[in-house]
Each structure stands twice: as structure tokens, then as C-alpha cells.
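Student: I would like a close look at how the side chains in this model pair up with one another. Could you take me through the contacts slowly, one group after another?

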Amino acid sequence: MACLGVFVAYLPITSVAVGLPAIGTAFGATTAQLSWVQDAFVLPMAAFILTAGVFGDVHGRRKVYLVGLCLTALGALVALTAQSIAMVWLGQALAGTGAAALLPTTLALISHAVPDFRERGKFIGLWASSLMLSLTVGPLVAGPVAEAIGWRWIYVLPIPVAVIALVIAFITLPESRAPQARRLDWPGQISAAIAVTALVFGVIEAGVYGFVDARVIVASLVAVIAGVTFVVVERRSDSPMLDLRLFGSRAFTATTLVAMITFLALIGFIFVLSMYLGMVQQLGTVEAGWRLALMNAASMLVGALAGKMMHRIPARLLIGGGLIMVSLALFALLTVDADTSFVALCWRLVVLGLGMGLVMAPMTATAVSAVPYHLAGMAAAGNNAFRQVGGALGPALLGALLTAGAVNSLPDALADAGVGEAVRDRVVGAVDGEGLGAVSGLDLGADTPAVMHAVGTAFLDGMHLCLVFSGVLTAGAAVLALVMLRPARSVEESQTV
């Protein structure tokens, strides 16, 4: 049930990614609005995942698991029937809240069923493989569906899968709770949710209006104040949502930071890649889906082996080596352009997927095994929460970098393409106000081919900026893992945390 739950939780990420260009066209959405489609899903995951873990510990993990499945199905239904971009956001937010309920619950179910941390690593490997299987299946199904009957039908898939899981869990899943008494930490929950939301909002708005805009400054101040409040509240709480003493473990701290950095780069890259495949290479959703699926399939296959490899190879070598592969693949993608072939693009994506497969299971297993058994559920939820914070920041930050890089190079690209000054001003004005997607809605007459070629060139400049940023970030995470991580300590040694 843990594997089935995480499969349902992650279905919307890549299945929606292949439909982003079509969603943007349908609603005339800007790049910032499209990044909110992704972030509307990931933000609730980051904001509520710790609370869901505590709620499961107190009131029963089976209940939280069932509620998570219901919210996932409801969110898909809302997005399926959406008549505006705001309704898509609402559906994504409901599904993300469901995923927030499922993720800590599934890992807690594994910890409850398998108390031996050595044996637990194998099951966490299967859990991570189920996560990657979801990311692989999503675009393979969503692509043909979107191309045949429209983008909104990509939201059909999670509904029957969630309903089937709901029926099976209702019949077979036993109730379980944490052995130690806990209670809900509302001040911590509220301050954490405000901090994460304000931070992501500020990053997205900075990409549109600049970092000196009043909205961005206010959002940044709110994020800092709420973040400090969260730390103060958690330090004083008798039943903290996230016991800050966990960060006394170097292994937990390192894997948590690596998780956040890795998902920032990965989810942000998937967002930029989906835009590249649709806007620059002009691929349909089926062709785009196959490229995403190959990357995730490679990760899934390696992830299935990584849990078993942890007992022979130190986790820091698996995580560090995997992140180095991801970084090299991102830098190799700097050579792609509008005419890059399927093979030339996909071998880079496969290398990236192989690297991610080496990271996922050891990263989670190390975080859980680095703390005493009674804190394993909180450690898993905390690791997942920071992972989703990175996932929420990814589309926001890389979307802002993409827009900034493209807008800066667009005037020169239009001039090089021979576009007249009047048309240049019109195109640049539209892009400044609504993003690169606005160009497709302009009636440019005979200048259309030259303008679209220039837009593609400008997009590639912005994409290269994103790739350099992500490559440097993952390389830094690799160094962090290699320096800070050690082979998993025994539970007895972890009692000092």
C-alpha cells in the first residue's frame, strides 16, 4: 500500500508537465501563470506534509492515507472540468494536499512494518522506484490522451487509480499510530505554511516584476519573519511538528539539504524541459511524453537496485556519484538547440535519470536511519517537506531565470532575424507583459516565421541560463553529500540525537 500511495501522489507532476504548453495556449497563460500550475501542486505538499505526518501519528495513518486518496481524486476532477487557469490551480492544490497526506503516511507505514533499518532500506528502494514509476507512466499516458482528446483529459488517469487504491486500502490496510503521544502543532503549521508560500510567491513575482518590486520585497520579508517564527515556536513546543534536534545528526542535515537542492533542480528542469519541447522543438504531447518517460524510466530501474546497493556501497558515494551524473547531464544539455535529434537529446536525459535513480532511495533511507526509531516518521516527513520546498522553488526560480534570460536576448534575436523595429517593439512589449507564450497570440503576418525563430533562439538563451544554474547547484549538492555523509550509523549510535 505504501508503494501504491506514493504512485498516486506523484502522478500529476510529469503528466501535467507534458500538457503545460497546451494549457498555456488554452487560457492564454503567461510563463508565471504556468509555473503556478506546477507550484499549486507542490506548495501544499511542502506546507502540509509535516502536519499530515503528525495527524497520522495521532489519529491514525490509515485515516490520513484514505483522505489523501480522496483529495487526489477530487483535485483531478476539478482540474478536468476547469474553465479557467485559476480552476486548474485549485485542482492542482487539492491534489497536492492529497499528496501531502500520502507521502509521510506511506513512509511511516514502511517504518512501522519494518523496524530493522537495514531491511527497511530495501523497502524504501521499492518506495522510491514506485515514485519514479509514477513519473514514468504519467507522460506515457498523458501524451496520447492530450493529443487525441485534449489537455484536460490528462487529469482522468489519477481518478481511477486513486479510487482503486482507496478500495484496497479500506479493505486491507490496518490502522497504526505512533508509539509516543503527540499533538498537532498549529502555530508551527501556520508559520511554516506562510513562510513557504510567501517565499515561492516572491520568487515567481520577481521573475515578472523584478526583485525591487514592492510585492516581492513584502513577500520576502513575510517569508523571513514566518521562518524565524517557525524556528522559535518549534524550539519552545512540547510537541514540535519538526523537532529541531534532528538537525544535530549530520546525516539527517546533509540528506535534507541534498533533497531540497535536488528537487529544486529536478522539478525546475522538468518545467523548463516541457516548455522547450513544446515551444522550441514544436513537439506534440506524445513525443514530449516519450522523452520525459525515458528519463524517469532510467531513474526507476536504477532506483530499484539502489536500495540493495546501500549495504555494499556507502550512501554518500551513491548519492554523491548520482548527483555528479545529474550535473554532467545538465551541462551536456547546453549543446541542444531547436533541431536536436531524439537520440542526441535522450541519451543526456537517460544519464540524468540514471543519476537521479542512485540518489532517491539512499537519500530517504539515510535520513530515516540517522535518527532513533521513534523519530523515524518525523525524520521522513521532514526530509519530504524540505524536498517539496525545493520542488516548489524549482519551477518558480527556473521559470524566473528562463523569462529573464529570454527577454534580455529577444531584441537582439529579433534584429538578427531581420524583423522590423515596429514589430520588434510589439513583440518585446507582449513578452515583457505576458511571457514568451504571448507571441503565439499575435497577428504578425509575413514576419511570423522570423519572429518565432527569434523567440526560439531567445528561449534557448534563457534555458541555457537555467541549465548552468541547475548544474552548479547539483554539483554543489554532490560535494555536500560526499563531505558530510558517512555510512549509515547504527540505531544505537543514533540515540545521541
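Tutor: Happily; what follows is a walk through the side-chain contacts and then a few places around them. Please keep in mind that this is a predicted model.

Let us begin with the charged pairs. Searching the whole structure turns up three salt bridges. One of them joins Glu-175 to Lys-63, with 3.3 Å between the closest N and O atoms. This pair links distant parts of the chain, since Glu-175 sits in the loop between helix 7 and helix 8 (186-209) while Lys-63 belongs to helix 4 (residues 61-80), and the two are 112 residues apart. How covered are the two partners? Glu-175 has 31% relative accessibility and counts as partly exposed, and Lys-63, with a relative accessible area of 42%, is partly exposed as well.

Another salt bridge is made by Arg-215 and Asp-213, whose closest N and O atoms are 3.1 Å apart. Here the partners fall in separate classes of cover: Arg-215 is partly exposed at 39% relative accessibility, whereas Asp-213 is buried with a relative accessible area of 17%. The cut-off helps here: buried means under 20%, so the 17% of Asp-213 falls in that class.

Asp-243 and Arg-245 form a salt bridge too, and their closest N and O atoms are 2.7 Å apart. Is each partner buried or exposed? Asp-243 is buried, at 10% relative accessibility, and Arg-245 is exposed, at 60%.

Now for the rings. Across the whole structure, the search finds three aromatic pairs. In one of them, Phe-27 and Trp-151 meet edge-to-face, 5.5 Å from centre to centre and with 75° between the planes. Because Phe-27 is in helix 2 (residues 20-27) and Trp-151 is in the loop between helix 6 and helix 7 (158-172), this pair ties together parts that lie 124 residues apart in sequence. Phe-27 counts as partly exposed at 25% relative accessibility, while Trp-151 is buried with a relative accessible area of 10%.

The rings of Phe-247 and Phe-252 give another pair: their centres are 5.3 Å apart and their planes meet at 70°, so this pair is edge-to-face. At 30% relative accessibility Phe-247 is partly exposed, but Phe-252 is buried, at 0%. Which residues make up the aromatic cluster? Phe-247 and Phe-252 are joined there by Phe-386.

Charges also meet rings in this model. Arg-62 lies over the face of Phe-170, 5.2 Å from the ring centre. Likewise, Arg-387 lies over the face of Phe-263, in this case at 5.4 Å from the ring centre.

That brings us to helix 10, which spans residues 250-280. Helix 10 counts 31 residues and reaches 43 Å from its first C-alpha to its last, close to the 45 Å expected at 1.5 Å a residue. Most of helix 10 is covered, with 26 of its 31 residues buried. What follows helix 10? The residue to look at is Gln-282, whose phi is positive, near 55°. Gln-282 is a residue other than glycine with such a positive value, and its place is the loop between helix 10 and helix 11 (285-309). With 55% relative accessibility, Gln-282 counts as exposed.

The surface offers something else to inspect. Leu-140, Val-141, Trp-290, Phe-342, Val-343 and Trp-347 make a nonpolar surface patch of about 580 Å². Helix 6 (117-149) and helix 13 (342-369) are the elements that each give two or more residues to this patch. The largest share, three residues, comes from helix 13. Trp-347 lies in helix 13 and counts as partly exposed, at 46% relative accessibility.

Let us finish with a contact between backbone positions. Leu-402 and Met-463 are 61 residues apart along the chain, yet their C-alpha atoms are separated by 5.6 Å. Leu-402 is found in helix 14 (residues 376-416), and at 1% relative accessibility Leu-402 counts as buried.

How values were computed: Residues numbered from 1 in each chain as written. Predicted model: local features only at pLDDT ≥ 70, side-chain atom pairs only at ≥ 80, totals over all residues. Heavy atoms only, no water. Helix = DSSP H or I, 4+ residues; strand = E, 2+ residues; numbered from the N terminus. Buried < 20%, exposed > 50% of the residue type's maximum accessible area, 1.4 Å probe, protein only. Patch = residues over 30% accessible without salt bridge, like charges linked within 9 Å, V, L, I, M, F, W, Y side chains within 5 Å. Areas by Shrake-Rupley, 256 points an atom, 1.4 Å probe, with all protein chains shown as cover. Salt bridge = Lys/Arg side-chain N within 4 Å of Asp/Glu carboxyl O. Phe/Tyr/Trp six-rings, centres within 6.5 Å; stacked < 30°, edge-to-face > 60°. Lys NZ or Arg CZ within 6 Å of the ring centre and 35° of its normal. Expected span 1.5 Å × (residues − 1).
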